[in-house]
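Biologist: Please take one part of this model and look at it closely, following the packing outward from a single helix pair to the residues around it. I would like one connected account rather than a list.

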Amino acid sequence: MNPTREELRQKIVILVADALDRDVAEVSPHASLIDDLGAESIDFLDLQFRIESDFGLKFTDEELWRGSFEPTDPRCVAGWWLTPAAVEQVRRRQPDFAWERFAAGIAVADLPRLLTVDTIVDHLERRWAQDHGAPAG
């Protein structure tokens, strides 16, 4: 049986809370794991391991935060910055994110700051569809 989006979200909230030593109530679907929950690079390795173990997947840490566009695509990245089209795409996918943090634009180096429970769920849904031929839920 395919997990629903809500089942994936609930599981990821628990994994994030455990990895970051936070109460589950502190982990909202749109909180930045870095800016709001204090995640550091070692935490991402721990979280990646937990997700891989729980879901039986293997992926790179880059796969989690790059979103639905390829960071080397010139339509998405110009120099060290996301293009306006890429920014709009990311904003549409994360409408509840605190976008005021990026008033000057989104640098490629900022992509990990966009990682939230929902972006992890999005990635898992894409991977589920890729690996199993059908979307989760």
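**The first helix and its partners**

Modeller: In this predicted model, the axes of H1 and H5 approach to within 9 Å and cross at roughly 125 degrees. Because that angle falls between 115 and 145 degrees, H1 is oblique to H5, and the crossing in which H1 passes H5 is right-handed. On the H1 side the contact is formed by Arg5, Leu8, Arg9, Ile12, Val13 and Val16, which meet Val117, Asp118, Ile120, Val121, Asp122, Leu124 and Glu125 of H5. By type, the residues of this contact of H1 with H5 comprise 8 nonpolar and 5 charged, with no polar ones.

A second partner of H1 is H2, which packs against H1 at an angle of about 140 degrees with the two axes 10 Å apart. H1 and H2 are therefore also oblique to each other, since only angles over 145 degrees would count as roughly antiparallel, and their crossing is again right-handed. Here H1 contributes Leu8, Lys11, Ile12, Leu15, Val16, Asp18 and Ala19, while H2 contributes Asp43, Asp46, Leu47, Arg50, Ile51, Asp54 and Phe55. The residues of the contact of H1 with H2 divide into 8 nonpolar and 6 charged, and once more none is polar. Leu8, Ile12 and Val16 appear on the H1 side of the contact with H5 and also on the H1 side of the contact with H2.

These helices meet in the largest nonpolar core, a set of 23 residues in which Ile12, Val16, Leu33, Leu47, Ile51 and Ile120 have the most contacts. Helix H1 (5-19), helix H2 (41-55) and helix H5 (117-132) are the elements that give two or more residues to this core, and the largest share, 7 residues, comes from H1. As a general background, nonpolar side chains in soluble globular proteins tend to be buried together.

Within that core Val16 is a useful place to stop: leaving aside neighbours within four places in sequence, Val16 is in contact with Val27, Leu33, Leu37, Leu47, Val117 and Ile120. Apart from this core lies another one, of 12 residues, among them Val90, Trp99, Ile106 and Leu111. Ile120, one of the contacts of Val16, lies in helix H5, and with a relative accessible area of 0% Ile120 is buried. Ile120 and Ile51 are 69 residues apart in sequence, yet their C-alpha atoms are 9.4 Å apart in space.

The loops beside these helices add further detail. Thr116 is found in the loop between helix H4 (84-93) and H5, and its relative accessible area of 1% is why Thr116 counts as buried. Setting aside neighbours within four places in sequence, Thr116 is in contact with Pro29, His30, Ala31, Ser32, Leu33, Gln94 and Phe97. The C-alpha atoms of Thr116 and Asp36 are separated by 9.6 Å, although the two residues are 80 apart along the chain.

Asp36 in turn is found in the loop between H1 and H2, where its relative accessibility of 34% makes Asp36 partly exposed. Not counting residues up to four places away in sequence, Asp36 touches Arg22, Ala31 and Arg101, and Ala31 is also among the contacts of Thr116. Asp21 belongs to the loop between H1 and H2 as well, but at 73% relative accessibility Asp21 counts as exposed. The backbone at Asp21 deserves attention, as its phi is near 55 degrees, a positive value in a residue other than glycine. Most residues other than glycine have a negative phi.

To place this region in the whole chain, the secondary structure comes to 5 helices and 2 strands, which follow the pattern α-α-α-β-β-α-α when read along the sequence. Buried residues make up 43% of the 137 residues. Of the contacts in the chain with a separation of 6 or more, 62% join residues 24 or more positions apart.

Terms used:
Residues numbered from 1 in each chain as written. Predicted model: local features only at pLDDT ≥ 70, side-chain atom pairs only at ≥ 80, totals over all residues. Heavy atoms only, no water. Core = buried A, V, L, I, M, F, W, Y, C linked by side-chain atoms within 4.5 Å. Buried < 20%, exposed > 50% of the residue type's maximum accessible area, 1.4 Å probe, protein only. Helix = DSSP H or I, 4+ residues; strand = E, 2+ residues; numbered from the N terminus. Contact = heavy atoms within 4.5 Å. Axes fitted to C-alpha atoms, helices over the stretch in contact; angles between N-to-C directions. Parallel < 35°, antiparallel > 145°, perpendicular 65-115°, else oblique. Left-handed = near helix turned anticlockwise from the far one by under 90°. Nonpolar A, V, L, I, M, F, W, Y, C, P; charged D, E, K, R; others polar.
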